[in-house]
Amino acid sequence: MKDITEKQWNELIANDTNAVIVDVRTPAEWNEGIIENAQLINIMQPHSFMDAIDKLDKSKNYYVYCRSGGRSAQACQVMNSIGIENTFNLLGGMMEWQGKTSTPN
């Protein structure tokens, strides 16, 4: 896991054709707005979270965020423990995100 700032996040994703954005917040938080192209994998539901990350392509690069950076750091550690090597944790999460957000479908 690598902790990255929003600036680093934007620079890395811009050049990463193997990037997957993961939001580990709750559905209620998700509905408040997301980083574009994110997929929701709620870490507060441990069984469904583990089922979902077990199905992820381990060769991809995962950019993970939550509300403040704590749950996403935990998610990255769990992902690393099951063999997903490339995880990036957004420092400060959505509380410090200044970039574009969108409303989930």
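1. Let's start with A19, which sits in strand β2, the stretch made of residues 19–23. Is A19 buried, partly exposed or exposed? A19 is partly exposed, because its relative accessible area is 28%. A19 also shows how a chain can bring separated positions together in space: A19 and K60 are 41 residues apart along the chain, and their C-alpha atoms are separated by 6.2 Å. Please keep in mind while reading that this is a predicted model.

2. Now set T5 beside that example. T5 belongs to the loop between β1 (2–4) and α1. Its relative accessibility is 36%, so T5 counts as partly exposed. How far is the C-alpha atom of T5 from that of M79? The separation is 20 Å, for two residues that lie 74 residues apart along the chain.

3. The aromatic residues deserve a slow look. How many aromatic pairs does a search of the whole structure find? The search gives four aromatic pairs. One of them joins W9 and Y63: the ring centres are 5.5 Å apart and the planes meet at 75 degrees, so this pair is edge-to-face. If you trace the chain between the two, you will see that they come from distant parts, with W9 in helix α1 (residues 6–14), Y63 in strand β5 (residues 61–65), and their positions 54 residues apart. Both W9 and Y63 are buried.

4. W9 has another partner, W97. What kind of pair do the rings of W9 and W97 make? Their centres are 6.0 Å apart and their planes are at 75 degrees, so this pair too is edge-to-face. Here again distant parts of the chain are linked, since W9 is in helix α1 while W97 is in the loop between α5 (93–96) and β7 (101–102), 88 residues apart. W9 has a relative accessible area of 1%, so it is buried. W97 is buried as well, because its relative accessible area is 11%, and the cut-off for that word is under 20%. Zooming out, one aromatic cluster is formed by W9, Y63, Y65, F88 and W97.

5. Two members of that cluster turn up again at the largest pocket. Which residues line the largest pocket? The lining consists of W9, N10, I13, I21, I35, E36, N37, W97, G99 and K100. The volume of the largest pocket is about 160 Å³. Helix α1 gives the most to its lining, with three residues. Sorted by chemistry, the lining has five nonpolar residues, three polar ones and two charged ones.

6. N37, one of the residues in that lining, is worth a separate stop. N37 is in the loop between β3 (34–35) and β4. Its phi angle is near 70 degrees, which is a positive value in a residue other than glycine. Is N37 buried or exposed? N37 is exposed, because its relative accessible area is 71%.

7. What about the cysteines? The count of disulfides is zero. For C66, which is in no disulfide, the nearest cysteine sulfur is that of C76, 9.3 Å away. Why is there no bond between C76 and C66? The two sulfurs are 9.3 Å apart, which is too far for a bond; a disulfide would need them within 2.5 Å. C66 has a relative accessible area of 1%, so it is buried. C76 counts as buried too, because its relative accessibility is 0%.

8. Two polar side chains round off the tour. T87 is in strand β6 (residues 87–90), and it counts as buried because its relative accessibility is 2%. Which residue does the side chain of T87 contact? Its partner is the side chain of N80, in a polar contact of 3.0 Å.

9. The other side chain to check is that of N42, found in the loop between β4 (38–40) and α3 (46–54). N42 counts as buried, because its relative accessibility is 13%. A polar atom of the N42 side chain lies 2.8 Å from the backbone nitrogen of M44. When you inspect this spot, look at the side chain of N42 and the backbone of M44 together.

Definitions and conventions: Residues are numbered from 1 along each chain as its sequence is written. This is a predicted model: local features need pLDDT of at least 70, side-chain atom pairs count only at pLDDT 80 or more; totals for chains, interfaces and linings use all residues. Side-chain values use heavy atoms; hydrogens and water are left out. Buried means under 20% relative accessible area, exposed over 50%, partly exposed in between (1.4 Å probe, protein chains only). Rings of Phe, Tyr and Trp (its six-membered ring) pair if their centres lie within 6.5 Å; planes under 30 degrees apart count as stacked, over 60 as edge-to-face and the rest as tilted. Helices (H or I, at least four residues) and strands (E, at least two) are DSSP runs, numbered from the N terminus. On a 1 Å grid over the protein atoms alone, a cavity is a set of points where a 1.4 Å probe fits but cannot get out, and a pocket is an open set with protein on both sides within 12 Å along at least five of seven lines; lining residues have an atom within 4 Å of a point. Grid points are joined across faces, edges and corners, and a volume is the space filled by probe spheres set on the points. Ala, Val, Leu, Ile, Met, Phe, Trp, Tyr, Cys and Pro count as nonpolar, Asp, Glu, Lys and Arg as charged, and the others, Gly among them, as polar. A polar contact is a pair of N or O atoms within 3.5 Å; within protein, one must be able to donate a hydrogen and the other to accept it, and residues adjacent in sequence count only if both atoms are side-chain atoms.
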